[in-house]
Amino acid sequence: MARTLKLTAALALSTLALAACNESERRAGAVAGLCIPFAGATTTDANAAPVAPAGPSAAMDDCLHRWGYALAGSSDPADQVAGAVVAACMPALTRWNQQSLAPTAGPTGGAPPSEAQSLITGEDTNAMAERYRYAQDRALFYVVQGRAGKCAAPPMRNGVPDGATRTG
């Protein structure tokens, strides 16, 4: 019985040591300078003040950035992880889209244009569709950037990255 206990303890210590080595090697393979700080994060520059995201588009990008880095460590394919990132940021996307529904003064009589040609593809599109595509593309970018740079996830609180809004 004592021998089995010693063997189990030795096996557990070996497993922890190998995991630590693997984590060190993973961090060592990081691409230097690839990771970007989160909005509002403190910097080493004493003169720099933390900047909070301003407006719905900046809040959306910040949400994608935080969730992208937080979920980048998943072993799932990057496009699936990016889909989860977009899903986590749907409230931010909704707020951003609501902005385009608000009446504004302008040549269209206060109504936002409903259809236009995409400057990227030339296809007919609208602001909401373009924002959703942006969210998908940006989420994928942050997941891949997080993986390539071995970027640290933001601190988590109650299962949500600090600075991100809870989805439910």
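The following questions and answers introduce a predicted model of a protein.

Reader: On what basis are residues numbered, and which pLDDT do local features need?

Author: Residues are numbered from 1 along each chain as its sequence is written, and side-chain values use heavy atoms, with hydrogens and water left out. Because the model is predicted, side-chain atom pairs count only at pLDDT 80 or more, totals for chains, interfaces and linings use all residues, and local features need pLDDT of at least 70.

Reader: How many helices and strands does the protein have, and in what order do the elements run?

Author: Helices (H or I, at least four residues) and strands (E, at least two) are DSSP runs, numbered from the N terminus. The secondary structure comes to five helices and four strands. From the N terminus on, the order is α-α-α-α-β-β-α-β-β.

Reader: What percentage of the residues is buried?

Author: Buried means under 20% relative accessible area, exposed means over 50%, and partly exposed lies in between (1.4 Å probe, protein chains only). Of the 168 residues in the protein, the buried share is 24%.

Reader: What area does the protein expose, and what share do carbon and sulfur atoms supply?

Author: Accessible areas come from the Shrake-Rupley method with a 1.4 Å probe; for residues, only the protein chains shown count as cover. The protein exposes about 10900 Å². The share that carbon and sulfur atoms supply is 61%.

Reader: How many disulfides are there, and which pattern do they follow?

Author: A disulfide is a covalent bond between the sulfur atoms of two cysteines. Here it is recognised as a pair of cysteine sulfur atoms within 2.5 Å. By this rule the count is two. With bonded cysteines counted along the chain, the pattern is 1-4, 2-3.

Reader: Which parts of the chain does the disulfide of C35 and C151 link, and how many residues apart are they?

Author: The sulfur atoms of C35 and C151 are 2.0 Å apart, and the torsion about their S-S bond is about -95°, so this disulfide is left-handed. The pair links distant parts of the chain: C35 is in the loop between α1 (2-28) and α2 (55-71), while C151 is in the loop between α5 and β3 (156-157), a separation of 116 residues.

Reader: Are C35 and C151 buried or partly exposed?

Author: The relative accessibility of C35 is 32%, so C35 counts as partly exposed. C151 has a relative accessible area of 8%, and therefore C151 is buried.

Reader: Where do C63 and C89 lie, and how many residues apart in sequence are the parts they tie together?

Author: C63 and C89 form a disulfide with sulfur atoms 2.1 Å apart. The torsion about the S-S bond of C63 and C89 is about -95°, so it too is left-handed. Because C63 lies in helix α2 and C89 in the loop between α3 (78-88) and α4 (90-101), the pair ties together parts whose separation in sequence is 26 residues.

Reader: Which residues of the largest nonpolar core touch the most other members, and which helix supplies the largest share?

Author: A nonpolar core is a set of buried Ala, Val, Leu, Ile, Met, Phe, Trp, Tyr and Cys residues joined through side-chain atoms within 4.5 Å. The largest one has 23 residues, of which M60, L64, W67, V85, C89 and A139 touch the most other members. Helices α2, α3, α4 and α5 each supply at least two residues of this core. The largest share, six residues, comes from α3.

Reader: With which residues is C89 in contact?

Author: Contact means heavy atoms within 4.5 Å. Both C89 and its disulfide partner C63 are buried. Leaving aside neighbours within four places in sequence, the residues in contact with C89 are M60, C63, L64 and W67.

Reader: Why do the buried residues of α5 line one face of the helix, and against which helices do they pack?

Author: In α5, the buried residues are R131, A135, A139, Y142, V143, Q145 and G146. Seen down the helix axis, they fall within an arc of 165° (the arc of the directions from the axis to the C-beta atoms), so they line one face. They pack against α2, α3 and α4.

Reader: Which residues does N97 touch?

Author: N97 is in helix α4. Its relative accessible area is 12%, so N97 is buried. Not counting residues up to four places away in sequence, N97 touches M128 and R131.
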